[in-house]
Number of protein chains: 2
Amino acid sequence: MRVLGVDPGLTRCGVGVVEGVAGRPLTMLGVGVVRTPTDAELGHRLVAVEQGIEQWLDAYRPEYVAVERVFSQHNVRTVMGTAQASAVAMLCAARRGIPVALHTPSEVKAAVTGSGRADKAQVGAMVTRLLRLDAPPKPADAADALALAICHIWRAPAQNRLQQAVALHTAKATKGRTA
Amino acid sequence: MRVLGVDPGLTRCGVGVVEGVAGRPLTMLGVGVVRTPTDAELGHRLVAVEQGIEQWLDAYRPEYVAVERVFSQHNVRTVMGTAQASAVAMLCAARRGIPVALHTPSEVKAAVTGSGRADKAQVGAMVTRLLRLDAPPKPADAADALALAICHIWRAPAQNRLQQAVALHTAKATKGRTA
């Protein structure tokens, strides 16, 4: 399973590609940041985010894109830019038919550190260990993007099992009714 | 001046095209709503908004796109979808090199009714009168999109005069320093 994680932002949009399956060592294929100039017009910044995400999709052909779920109650000043950058990332993926998954910051932290309240340093340290890197990826947005991708790989089987269980239950219930 | 007004939303995105100049009667060229199914995945809804906006840009070739400025403090529940739909509209315009202007809801209301606190009915009534329509455009999102376009046509000359004044002042100041 190859996943592009996106930590959305207008000034710095973290991107990281991880490959692997739950229960096996994971491999980092690439990590970076899509930046847009703070003094550019908003429309042009969104175009720059689109071009950056498209380049990552072209280069790595991920099977899934995992984007951080943005909440309106957090960081009111920056939340609009974050929401707009995340919209562009989701649009780019959906346009190619790539499934998009959203994970909350606490889901991501809990997945990689065991605690939903872990700080940036802890997340960076665990990303470094899990991907067997020499040093934590910088800036933090890049490390967060990798954490998102790891979270998706680890959560996906549980989500799939849940979906399978629901599908099986529904099928049985339907069978029960028609019998 | 031909302006596409966009009242952004994921479920209903109002769109309206108005042509004219400040001080002359205005003409409505088109009005409508881009809808996306509430039960679709977010990525697919954003793709549907993109396709809808692209169709309007293709059909009417506006010189400006005016989008409602989204504030994070209002309507916390729906603000994320609004921000994401507005990002797609701005992206579509900027990608074509069409200038994007943002106007706040109170600027729009003040422009068409004289009061920044006017209600939906008042905005609808004034849009109907200013564009010489038989009835207020429905739904309200469509009327709001037309109001945005009207607001842009009426505010643009003032903004341009301001920019010209600043440019002139800067030129004079530079001349003064180099003399």
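Q: Exposed means over 50% relative accessible area, and buried means under 20%; why, on that basis, does Arg132(A) count as exposed in this predicted model?

A: The relative accessibility of Arg132(A) is 54%, and the cut-off for exposed is over 50%, so Arg132(A) counts as exposed. Arg132(A) is placed in the loop between H4 and H5 of chain A.

Q: What makes the phi of Arg132(A) worth noting?

A: Phi is near 50° at Arg132(A), a positive value in a residue that is not glycine. Most residues other than glycine have a negative phi.

Q: Why is Arg61(A) called exposed?

A: Arg61(A) has a relative accessibility of 57%, which is to be set against the cut-off of over 50%, and therefore Arg61(A) counts as exposed. Its place is the loop between helix H1 (42–60) and strand E4 (64–68) of chain A, and its phi, near 45°, is again positive in a residue other than glycine.

Q: Why is Asp141(A) called buried?

A: The relative accessible area of Asp141(A) is 14%, and buried means under 20%, so Asp141(A) is classed as buried. Asp141(A) belongs to helix H5 of chain A and, leaving aside neighbours within four places in sequence, is in contact with Asp7(A), Arg12(A) and Gly14(A).

Q: How do you know that the side chains of Asp141(A) and Arg12(A) make a polar contact?

A: The distance given for this side-chain pair is 3.0 Å, and the definition asks for N or O atoms within 3.5 Å, one able to donate a hydrogen and the other to accept it; the pair is therefore counted as a polar contact.

Q: What makes Asp7(A), Glu68(A) and Asp141(A) a group in the UniProt record, and why can they be said to gather at one spot?

A: The annotation "active site", from an unreviewed UniProt entry, covers these three residues. They span 135 residues in sequence, yet no two of their C-alpha atoms are more than 11.0 Å apart, so they gather at one spot. Glu68(A), which lies in strand E4 of chain A, has contacts that include Asp7(A), His103(A) and Leu148(A).

Q: What makes the peptide bond between Lys138(A) and Pro139(A) notable?

A: The bond joining Lys138(A) and Pro139(A) is cis, with omega at about -5°. Most peptide bonds are trans. Pro139(A) sits in the loop between helix H4 (120–130) and helix H5 (140–178) of chain A. In chain B, a cis peptide bond with omega of about -5° joins Lys138(B) and Pro139(B), and Pro139(B) is found in the loop between helix H4 (120–130) and helix H5 (140–178) of that chain.

Key. Residues numbered from 1 in each chain as written. Chains lettered and ligands numbered in written order. Predicted model: local features only at pLDDT ≥ 70, side-chain atom pairs only at ≥ 80, totals over all residues. Heavy atoms only, no water. Helix = DSSP H or I, 4+ residues; strand = E, 2+ residues; numbered from the N terminus. Buried < 20%, exposed > 50% of the residue type's maximum accessible area, 1.4 Å probe, protein only. UniProt positions renumbered as here; feature names shortened; annotations may be inferred. Contact = heavy atoms within 4.5 Å.
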